[in-house]
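Open the model in your viewer and keep the sequence panel visible. The tour begins with one term, then goes from the whole chain to a single strand and its partners.

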Amino acid sequence: MPALKEIFRKDYQAPDFWVTDVSLKFVLSPNATLVTTELKLSKNTETTSRTLVLNGTEHSQLLSLRINDTAVALDDIQYVEHDIHLKDLQDDELAVTLSNQLDPANNSALEGLYLSNKIFCSDCEPEGFRNITYYPDRPDIMAKYTVIIIADKATCPILLSNGNLVEAKDLDNGLHQAVWHDPFPKPSYLFALVAGDLGYIEDKHIRPDGSPVQLRIYAAHNEVDKCHYALGALKRAMKWDEDRFDLVCDVDQYNIVAIHDFNGGAMENKGLNIFNAKYVLANSEIATDADFETIESIIGHEYFHNWTGNRVTCRDWFQLSLQEGLTVFRDQEFTSDLRHRGLKRIDDVKMLRAYQFPEDAGRLKHPIRPESYVEMRNFYTTTVYEKGAEVVRLYQTLLGEEGFKKGLTHYLNKFDGTAATCDDFLISMAEANHEDLSGFEHWYSQAGTPRVQVAKEITENGIKLTFKQLLCSEGSNLQPQWIPIRFALIGSEDKIIYEDTFILKSWEESITLPCKETNVALSLFRDFSAPVIVDYPYTEEELMKIAFFETDYFARWEAAQRYISELIASEQTWEEKQAKFIAPFNNLLQECRQEPSFYALFFTLPDPISIQSTTAEKDLAKIWEQRGNLIQYAAKTYEAQWLEIYQSQMIGNASARDLKNSVLNYLATLPNHEVTVAKQYEAATNMTDRMAALRASVLNNHSTAKTLLTNFLEKYKAYPSVVDKWFALQVSSPYITLEVLNHLRHHGEFNSHNPNRVRSLLGALGQNKVALYQQPQLFYPWLLDNIMMIDKINPQVAARLATPFSQLDFLKQSDQDAIRNLVKAQLANQLSTNLAEQLSKSL
Ligand code: 0A1
Ligand code: ZN
């Protein structure tokens, strides 16, 4: 295992030199790209030492270095690991010129400059720029960039970088050159370069002052016809940011490029967003309704970064949640405003609980603002992103939409063009609203999901509620976090008789509500008003009341999920469980056509792992079996009604498809409806319906599944994101076997160099908790071996795939021990620092 060097937040120091201007010249060639870098620097008057650190890596071969007009002999250069340390520089203004050579074609880690399908492409966040040139690669150094790109015109007709194209001309020998200038100072992680044979579509956005922004989406020539939806989404995002936050696009050319080999989802490089192609390319033939929504939100996310991330960036990487939590919050609000706020909230909470809660309870847990890291790339986590967004949402819950906007505007004005911290954000919110928000501070420094215990007591003066918070963070000096609790009381006439928001600011507080009714249902954390686990002994009657009579979508859905989870975990007889499970369906089946998408969520039972983590039942196999049996029992009991709903939603929009396909999941459990599933697969005119049928067939182990899978691959071989779905679906089946895994691993369509394809196999297995629970001794060693193989190609992707090894609590104790021994043994082998950090912390 490599030595792991930990970097601490408390050790932040400002640099001795700022960079004001960067000039980069690239002469592109797949195996020998020449980079010439000219830097203008000036002394930071706030520090006394005079050392310039130019970060580098083993991937770039330094050819020359000059400081002002003096050449530095390569042998005289002092390195600390791969970083150049230039000490005792006496001038306050400096010019540094250097040249180096890169091998993009062999950059399988996809950080820095690499080739994807013959397209030159860069990815620099967080510390990839140092793979391109030697540079003080830290986000608090913001400079203006001029980029000259020279390449072969026949193979690379398109040459792109950040900012504005200021010159384009032909050169000798079939070469051509483009010069881009970005007038906005930016940190190095926002640098981007793309060059290759690409097509594009374009449109424009008209800003409030009447001026246009030219919008282009670039993709492979045969894919540009699938970019129209993304382009529309970009226009909607621009308009929304103007309407909601008065934030206007500040560049005249806004380019997006779709790339097939990409480590992340997308990247907000100034004026030149680079996207994982799966989040751009879409039409109804290859993308599901859910895919369309995801694409819209990611297009929005990267655009919203232009203000929250680019104009104001983070001072150091510990502050990543400053821009990511805030920008996720903004993209969530975008989707909520354009689509359905209540349903969006349910989706986001499902995602938070499925991925972030386990992370916050596992061995890689960290606060949204971590205190230390070894490899920053390992901290692009659901905690920093999604829990970070929940923390930003707390401000809005407390201050209201107007107060939040006031705070955001103040923050952006105050820190425009600079690199800021999470504290700066909190203080801005407080200043703009003249509020004390000090209790929010602890959300940034304490890890773990807080638990809130609630007790309800009927007293002479009314209903007394007691709230108590329990934190599971480490450290001796834990402080209570401010927790907004939205709640309501539903009275005996099934109406809401009281609603309020209480801010829990200390460890324990009580309130008494002036309410004389005694038979009330208490609905807690409406709209999921804080990212906590709620301990309250709901009665079945209370849950039913909330599920049927609450007005808050999240609360209704949540109550139904709890009802089912508790039922499955309870000690009642199977007959009692069946009876109680199907009782509500009589009404639900009548009502569901009024709000198809909501009822589709309502009909979808909680995942086995969610039932296990929220109840006393720990046998995941038993949960999975009972859950399946209940679905089948409801399917059988109401078969005629299900079928009638199913048929009524045949022609319709996305909501109709939601409902129809949730009903299909019931019907698919009945042997006589295998044919219904197969028919839907064949007759489908869009990917939503086709995929839903294929999924129902595979997850119910239908005899037709194999034929449908073969047909599916044949049909969609040319579409990478669809082939990814084909892999992931098979791997997420509870019936998966080692034989099928090996078959997929050696399938002609598997590609260990493509992150999406790797994730569709190894990522999907890590998420298949039912299979992992049942046969840990088979699947974990297989997964680890394959992660080790990927680590040799792409450490960043491998490290991410290893997170399941840090979340073993759902397994039997003896299985956990065996797997940790397996991990321990692997640590003796050669691994990247990325993977070593994740695996060693998992022990
Ligand atoms: N800033 C991007 C996330 C991202 C991070 C790292 C990447 O490459 C290593 C790429 C993208 C976002 O939040 O969308
Ligand atoms: Zn982001």
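Two strands are said to pair if DSSP finds at least two bridges between them. With that in hand, note that the model is a predicted one.

**Stop 1: the whole chain.** Show the full chain, which has 27 helices and 31 strands. Its radius of gyration is 28 Å, close to the 28 Å given by the globule rule for 843 residues, so the chain is as compact as a globular protein of that length. Along the principal axes, the C-alpha atoms fill a box of roughly 85 × 65 × 60 Å. Of the 843 residues, 59% count as buried.

**Stop 2: strand β11.** Select residues 119-123, which form strand β11. Are the residues of this strand mostly covered or not? Five of its five residues are buried. In a regular strand, side chains alternate between the two faces of the sheet. On one side of β11 look for Ile-119, Cys-121 and Asp-123, and on the other for Phe-120 and Ser-122; all are buried.

**Stop 3: strand β10.** Add residues 112-116, strand β10, which pairs with β11 in the antiparallel sense over five bridges. Gly-112 stands opposite Asp-123 in β11. The hairpin of β10 and β11 has two residues between the strands, and there Asn-117 takes a positive phi near 45 degrees.

**Stop 4: strand β16.** Which strand should be selected next to see another pairing of β11? Take residues 193-196, strand β16, which pairs with β11 in the antiparallel sense over two bridges. Finish on Cys-121, whose bridge partner in β16 is Val-194.

Technical notes:
Residues are numbered from 1 along each chain as its sequence is written. Chains are lettered from A and ligands numbered from 1 in the order in which they are written. This is a predicted model: local features need pLDDT of at least 70, side-chain atom pairs count only at pLDDT 80 or more; totals for chains, interfaces and linings use all residues. Side-chain values use heavy atoms; hydrogens and water are left out. Helices (H or I, at least four residues) and strands (E, at least two) are DSSP runs, numbered from the N terminus. The radius of gyration is taken over C-alpha atoms; the globule rule is 2.2 Å times the number of residues to the power 0.38. Buried means under 20% relative accessible area, exposed over 50%, partly exposed in between (1.4 Å probe, protein chains only).
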